[in-house]
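Open your viewer and take a short walk with me, one selection at a time. Cartoon view is a good place to begin, with side chains switched on as we go.

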Amino acid sequence: MATTAVSVEKKNYINAEYGIRSWLFTTDHKRIALLYIISITAMFFIGGFFALLIRLELLTPAGDLLTADMYNKAFSMHGQIMVFFFLVPSIPATLGNFLIPMMVGAKDLAFPRINLLSWYIYIAAAALYLWCLASGGVDTGWTFYTPFSSQFSNTHVVEAALAIFIAGFSSILTGLNFVVTVHRMRAPGMTWSRLPLFVWSHYATSIIMLLGTPVIAITLVLVALERTLNLGIFDPTRGGDPVLFQHLFWFYSHPAVYIMILPSMAVISEIVPCFSRKRVFGYNFVAMSSIAIAAIGFLVWAHHMFVAGISVYAALVFSFLTFLVAVPSAIKVFNWTATMYKGSVSFSTPMLYAMGFIGLFTIGGLTGVFLGTLGVDVHVHDTYFVIAHFHYVMVGGAVLGFLGGMHFWWPKISGRMYPESWGRLAAIIVFIGFNLTFFPQFILGYVGMPRRYWDYSHMPEWQALNVLSTAGASILAVGYLLPMVYLLWSLRYGKPAPDNPWQATGLEWRTASPPPTFNFDEIPEVTWEAYEYEKMPLPEEVTLER
Amino acid sequence: MFDNFPLWPASASTQSLPVDLLYIFLIVISAVATFGIAAAILIFGMKYRRRHGREAQPIEGSLILEIAWSIIPLGIFMVVFVWGAVLYFDLRTPPRDSTEIYVVGKQWMWKLQHIEGMREINQLHVPVDKDIKLIMTSQDVIHSFFVPAFRIKQDVLPGRYTTLWFRATTPGTYHLFCSQYCGTMHSGMIGDVYVMNATDYQAWVTGSAPVGSLAQDGYTLFQQLGCNTCHNMEVQGRGPNLRGVYGNPVQLEDGRIVTADDNYIRESILSPAAKVVSGFKPIMPSWQGQVNEEQLNSLVAYIKSLNPPPVGAAGTSTNTPGSAAEPRD
């Protein structure tokens, strides 16, 4: 039905203007989203390179590939780049930026120039970070624990801290833009209860960005000031408290986990109904659970500190609240699964990622319950169990959501279809590679391997599991590179995408692929509920390669 | 074969089995949940796979199901929460008559000081079936004392004491790790815990021939540093008499009452002005930077030994609050 939309030479946001200036000075949210996609993908591969070094070093027990200092820098910069320069901006700044105005029926975000500013701030931060990397890097771990970071490390801590401080403003401005857009820019008839769950989840994410990011920013400034001006805030010999840093750091960095996972949940909440041809099961519960996660997520930070020297009573309260925050996550998993019940399910590429997400996030979430359990956390804290847990959430959850979303909206973003069979193959490779990489690390952790160990020659019994993990990582790398290749390939050789290849319900699918600069020829008036799949035809099979 | 491919850590303390049981319980419920979800996804995917002539049935949701899958997980979580909390309180509460060992972490080694005077580096010899309490501090950055076979771990902080306790059940040699990243040779900050039966342990104590106990070292240092000129243990001097102070409440100049535990004594040596005892002037100089962590430990051990026996009991049993050791003005 929609194939007429790709007829010759229709103006869209990509061919509206030409030349590098038209991109660097654009205020179009869709073009800014593309700028972000390119930037964060570059940072992802730099962070991935450090992951490669880590896995190769751990292939053998002896510390033989890198020096100890090089290894420490490798895991520190892997973590900092992946968290602050990939995961935090990943879905919000790309898919969120591209889709939220269209999903609410607006021409752009509320503050288009602030949106461009936030990309420049991100680039300035990334440039400073890369300069820090080139001038020797940083070895504090991504967590910057004091007094190691403030008094003992001889690396470029100040530069790294400032880079992350600056990146924080990019995040704050993006969050601000989303909150105002959702409140003020909704099209006529687009009530809160008609918002796609993608928007609900991003709204919750934006609240965390606005309220949490200033805390990490000021905390890292304190570390930088302590190093440069010798303040003594975290120095116990002058009445300071190193554990205070951990409170401040995790006050942001635990909610930051939800900054990374909520947008992924946003993506999954769109994909599952579309490929099941059903309204999402329990819309209100899925929407409200996002808000509950954002709210309770601010109250659980000290569960990272059960062995850090906090009182047993504080630990008791934070453990209890941690169990509470697990409930809304469980609600989401059950609702997505129930959405498939009596649906009309197709195993297209985005759906494969979504199903992978549900399974891996379930494992990631449940192992989080292990860590919230006081008596068990004492043993597994700071071991590979923790590493495995948060990679199940951040890679199995956040990255699979990102990849699933990139595939789902690729026809809209690029105006081209990707090759479906390659897409499915890559999704399966990512799933297998991921599990092979990280599942052995749960076992390693319980056996007792601490995180951040460069050399384990006194514990050669850990090698077999590490070899499995490294083997898995190489499969995972193939799974990451494949979409890079065929998505770029599709830009030139892919079939032109119809306006609505999946016959999905969101407003973004009611405009052209790729959309015109101001998204809609005329502002839509919404007279229907979200996810009315019973009123949509099935997608044309021509889009599914045989 | 399984020697080179362990799937489970050795179990060698009274805390190993309780932690393992809870861990196994968590694995079972997690496996049930994960396989349940995975099975539902696969079954729904197969059974309701897109076919010609069959349409999806619109279903809004179900309040009963929503309540059920909120309340049931919450109920299970609460069981786990209480179970884990009980274990944690046990792990964090050393028995009263534990044998105390002082631990100093520094980049990148563990130094251990026994009350009897033995000193070790990256090795810890302990008798089997005895409660051992570790009183730990760091000379530089944060470290973490981790013995997987005992299922115990505690961060070791600069500037204060943290404690950890265990009761080893099986003689043998077990790994000791630093589990908090502490710089270049973090992965080299490892050692061995030797759990020995009573006779072997006695032989080891005799063989290591300590010159004097930790408290005696502390006494010598106390004289050398001139502490005794103000802290006279027989008559009231310019500073409080320290006999019987340890473990008891102390009335401060600002009206607060604090317990004179290890951290209080440590702070009173390094930052004497922070908590001045009622009736005394803040005239004591700080010893920050002038005594190292091991010397501090010996001073603390000496002041503890001034309590009426049994020495080493961390309780307040023998003295009543405001006893003779408490100065009055």
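Select H175(B) and D192(B): D192(B), in strand β10(B), is the bridge partner of H175(B). Keep in mind that this is a predicted model. Now widen the selection to β9 (residues 172-178) of chain B together with β10(B); the two strands pair in the antiparallel sense over 5 bridges.

Next, stay on β10(B), residues 191-196, and show its side chains. Which of them are buried? G191(B), V193(B) and V195(B) point to one face and are buried, while D192(B), Y194(B) and M196(B) point to the other face and are not. In a regular strand, side chains alternate between the two faces of the sheet in this way.

Now add β4 (residues 123-127) of chain B, which runs parallel to β10(B) and is joined to it by 5 bridges. Two pairs are worth picking out here. L124(B) stands opposite V193(B), and P127(B) has M196(B) as its bridge partner in β10(B).

Time to zoom out. What is the order of the strands in the sheet? In chain B, 5 strands form an open sheet in the order β4-β10-β9-β6-β7, with mixed pairing. The edge strands are β4 and β7 (152-156) of chain B, each pairing on one side only. From one strand to the next, the twist averages 20 degrees.

For the last stop, select helix α3 (residues 198-208) of chain B. Helix α3 lies across β4 and β10 of chain B, and runs at about 130 degrees to β4(B).

Technical notes: Residues are numbered from 1 along each chain as its sequence is written. Chains are lettered from A and ligands numbered from 1 in the order in which they are written. This is a predicted model: local features need pLDDT of at least 70, side-chain atom pairs count only at pLDDT 80 or more; totals for chains, interfaces and linings use all residues. A residue is buried if 20 or more other C-beta atoms lie within 10 Å of its own, exposed if 12 or fewer, and partly exposed in between; C-beta atoms are placed from the backbone. Helices (H or I, at least four residues) and strands (E, at least two) are DSSP runs, numbered from the N terminus. Two strands pair if DSSP finds at least two bridges between them. Axes are lines fitted to C-alpha atoms, for helices over the stretch in contact, and angles run from 0 to 180 degrees between N-to-C directions. Two residues are in contact if their C-beta atoms, placed from the backbone, lie within 7 Å.
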